[in-house]
Amino acid sequence: MLPVAEDPAPAAPFVGRDPVCGLAVEANGRYRAYLGEHTYQFCSAACRAKFEAAPGRYVNTSPGTASTVVMPAYTCPVHPEVQQPGPGTCPKCGMSLAPLGTSAAMRRLEWTCPTHPQMVRSEPGPCSICGRALEPRGIPRPGAEESPELRAMKRRFWIAALSTVPLLILAVNDFLPRRGAFLSMRTSVLAQLVLASPVCLWAAWPLHACAVSSLRSRRVGVFTLIGLGVAVAYGYSLVAALAPQLFPPPFKMGDGQAGVYFGAAAVIVTLGLLGQVLELLARHRPAAAVSRMLDVTAASARRLVAGDREEEIPLETVQVGDRLRVRPGDKIPVDGVVLAGHSFVDESMVTGEPNFAEKRAGDFIIGSTVNIDEALVVRAEKVGADELLARITTTVDQAQRSRAPIQRLADGVAAYWVLSTAVVATLTFVVWAVWGPEPRMTYALINAASVLIIACPCALALATPMSLMVATGQAANFGVLFKNTEAIEAMRSVDTLVVDKTGTLTEGRPRLVAMVPTTILGETEVLRLAASLERGSEHPAAAAIFEAAASRGLELATAEELSAVPGEGVTGLVEGRRVAVGNPALMQHLDVAPGASVELAEALRAEGHSVMLVAVDGAVVGLAGVSDPIKANTPEAMAALRAEGLRVVMLTGDDPTTADELARKVGIDEVLAGVPPARKPGAIAGLQAQGRGVAMAGDGIDDAPALARANVGIAMGTGADIAVESADITLVKGDLRGIARARRLSRAAIANIKQSLLFALLYHAAGVPIAAGVLYPAFGILLHPLVAVAALSLSSVSVIASVLRLRRLQV
């Protein structure tokens, strides 16, 4: 327990923020605790108690370093250049900030208020200060619910939509002949006031907040005009409903009641919220794969102390240099080097490959992978944020913080549109105030407000997210999943495709492809004897032999006196005969002459197969060739990609002989072989330095950094979950033919987005002169509220109709 004092503070330095919640605290506050030479101030006894229980969670307590407060950095998902210590809202767009970076250490999920960071809870809910939904920080737990921000936005949208429908019905009622109207004008207006108030005041609150934030930061955009439009429409209508006598006759519709824009305000809010929901659906992709990956990390480790005695310690306390024992079936706690032992390790959750990796003294081993066979002693080399898993997670997190150039174009157009609208509204006010009929100021205010209402670009906010949703849905029909707009746009400019080998060009499942007898024993008998010996083995090559025998319905015998030789193979007695299956080193160990099998083995290796020798009673009787077969559609896909003008490059860690042979079979001309996962991003960067637009296709977690480095990352849906989540595009069934189709779709989708933006602006631009009153001198026509509602709705309908054309696109 840390010593606690409530007397005047000593001369030791203290921090100006509560290290637990980040709230600013006074220099001589009541609540404090001491740690070493430092004094820490707290906002409450509760925060002090949390600090005392686990000070290492909140400050850096490493020996020899200054004790500093741990405040995680937060950033805006839309404007990644905006960063600050602790949660909050983006000063540019008003969106809630999200934690920057994810690591294996951030496994605890907490919920905090974006505007009141001192409010920290272990479960979601409303902020007790402002009522705003608490936001998560840390890594989402497996099966966690959707974002509270998205859930709250959906709730606001549906309430707004359900209120807008009767509002529009009442608006139509106002313009029916009195004998056809089902409500009096006064009753209708008051009913509209009741329906519109929750929409414009509560449901529209996030839009108002974004508008205020944009004005404060002097970065006007779509939300600026939406906020102004809703405020003006509702404010004008409120006055018209409660004090209609203030309005001149041209603005009255009957019964002395002035026209109201409650319907227009509700439509603006509903369409604005719809755009937000669509954007959040596209942005808040579930992080379940990352959380599942972190969930498989070991919770503890077995550290060896003096006399090789074991002690179980929490994973967080493992230090570099610690000797750790890993039993068969256990997860490797951290990245390290094998000191003693020999075993096979399942690295599929990292590499995406089914083959177990053989590990012996001196080999590097990856944390969170699974030890299969024998116990190992490992020296910890990298812990915490330095582990491979943590670095991959951080890379993936950074890769996902991006925004499409086409959306930035829309933002730029919106900014100019807002400024132009403000200028037109100001000129309208001045012209009507100076030259308009009496009462001039009333006409000036109403017409200037009409300009702001009709110019509200709801459709502009819908164009990009709607196009994204429809384009991704269309792509899904042929097995291609786009994660974001950036991927759709970037795919247009791709001219080089880099492909991984295992699981991308191949199926990712080893099979026995050749059983070549070298004596009078037939192929079936050699396979039966080998499978009988390998039946109990977990080695992937042994499993391939056993599965081949099982598929042929062979009746296997029972093996006795089994003896596994690490790294070489296995021997035993099968039906009284001494059988051995393994590599040439095993044959040499058993003094078995290879004979004519040498040339046959080299021929199989030249075809890209792994070779095992089968010996019976001291003589080689056959060779087993195990390989990962090429996907049936890979050659066709490569031909289609070349026809599209793409340069295809194979990037693999395999030896050049095997890689070249496979490339020849599938029709790939360029091969970069012998490239380990750590160097793959560098290889991608080298191609980009040549001015190439590079797409990378892979299936393993170790491909994630390369997928992030490429202009477009493409993951096989049949591969590792984290590769799928880190990629911009996912091929659901791993069919590479989808890449060419995705490229054609991306071109059509971006063209459609630009057309949608153009349509949205044209409708509003056509209505602005009418709202400004240019038709009044000649025809006595001013903007009718129903016309404003129709214009807002038609602009959105035109955008939706343009977007839906993508559904009929044949790619």
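Before the points, one cut-off: a residue is called exposed when its relative accessible area is over 50%, buried when under 20%, and partly exposed in between. Please keep in mind throughout that this is a predicted model.

1. **The end of helix α10.** W435 has a relative accessibility of 66%, so this tryptophan counts as exposed. W435 belongs to helix α10, which covers residues 405-435. Together with V430, V431 and V434, W435 makes a nonpolar surface patch of about 390 Å². I would have a look at that spot on the surface first.

2. **The seven-stranded sheet.** Moving on to the sheet, its order is β20-β32-β31-β30-β21-β28-β29, an open arrangement of seven strands with mixed pairing. At the edges sit β20 (480-482) and β29 (670-672), each of which pairs on one side only. From one strand to the next, the twist averages 20°. For one pair in detail, take β31 (residues 712-716) and β32 (residues 729-731): these two strands are parallel and share three bridges. Within this pair, A715 stands opposite T730 of β32.

3. **Helices on the sheet.** Which strands does helix α20 touch? Helix α20 (residues 680-689) packs on the sheet through contacts with β21 (496-499), β28 (647-651), β29 and β30 (694-698). The direction of α20 makes about 155° with that of β30. Helix α23 (residues 737-772) also packs on the sheet, where it touches β20, β21, β31 and β32. For α23, the angle to the direction of β20 is about 45°.

4. **A residue on the edge strand.** L481 lies in strand β20. Its relative accessible area is 37%, which means that L481 is partly exposed. How far apart are L481 and D728 in sequence and in space? The two are separated by 247 residues along the chain, yet their C-alpha atoms are 8.2 Å apart.

5. **Helix α19 and its surroundings.** In helix α19 (residues 656-666), the buried residues are T658, A659, E661, L662, A663 and V666. Readers may like to note that a glutamate, E661, is listed among them. These buried residues pack against α17 (597-606), α18 (634-643), β28 and β29. Directly after α19 comes G667, with a positive phi near 90°.

6. **The hairpin β11-β12 and its neighbour.** Strands β11 (residues 300-305) and β12 (residues 309-314) run antiparallel and are joined by six bridges. R302 has E312 of β12 opposite. The two strands form a hairpin with three residues between them, and in the turn G307 takes a positive phi of about 80°. β11 is also paired with β13 (residues 323-326), again in the antiparallel sense, over two bridges. Here the bridge partner of R303 is L324 in β13. As a reminder for reading these pairings, strands of a sheet pair through backbone hydrogen bonds, either parallel or antiparallel.

7. **Salt bridges around R528.** The structure has a count of 22 salt bridges. What are the partners of R528? One is E525, with the closest N and O atoms 3.0 Å apart. R528 and E525 are about one helical turn from each other, because they are three residues apart in helix α14 (residues 523-534). A second partner is E575, at 2.9 Å from N to O. Since R528 lies in helix α14 and E575 in the loop between β24 (569-574) and β25 (577-582), this pair ties together parts that are 47 residues apart in sequence. R528 counts as buried because its relative accessibility is 13%. E525, at 22%, counts as partly exposed, and so does E575, at 49%.

8. **Other charged pairs.** R379 and E381 form a salt bridge whose closest N and O atoms are 2.6 Å apart. R379 has a relative accessible area of 30% and is therefore partly exposed. E381 is partly exposed too, with a value of 28%. Finally, R302, E310, R325, R327 and D330 are joined into one network by salt bridges that share partners. R302 is the residue already met in the hairpin, opposite E312.

Notes. Residues are numbered from 1 along each chain as its sequence is written. This is a predicted model: local features need pLDDT of at least 70, side-chain atom pairs count only at pLDDT 80 or more; totals for chains, interfaces and linings use all residues. Side-chain values use heavy atoms; hydrogens and water are left out. Patches are made of residues with over 30% relative accessible area and no salt bridge: like charges are joined within 9 Å, nonpolar side chains (Val, Leu, Ile, Met, Phe, Trp, Tyr) within 5 Å. Accessible areas come from the Shrake-Rupley method with a 1.4 Å probe; for residues, only the protein chains shown count as cover. A salt bridge is a side-chain nitrogen of Lys or Arg within 4 Å of a carboxyl oxygen of Asp or Glu. Helices (H or I, at least four residues) and strands (E, at least two) are DSSP runs, numbered from the N terminus. Buried means under 20% relative accessible area, exposed over 50%, partly exposed in between (1.4 Å probe, protein chains only). Two strands pair if DSSP finds at least two bridges between them. Axes are lines fitted to C-alpha atoms, for helices over the stretch in contact, and angles run from 0 to 180 degrees between N-to-C directions. Contact means heavy atoms within 4.5 Å.
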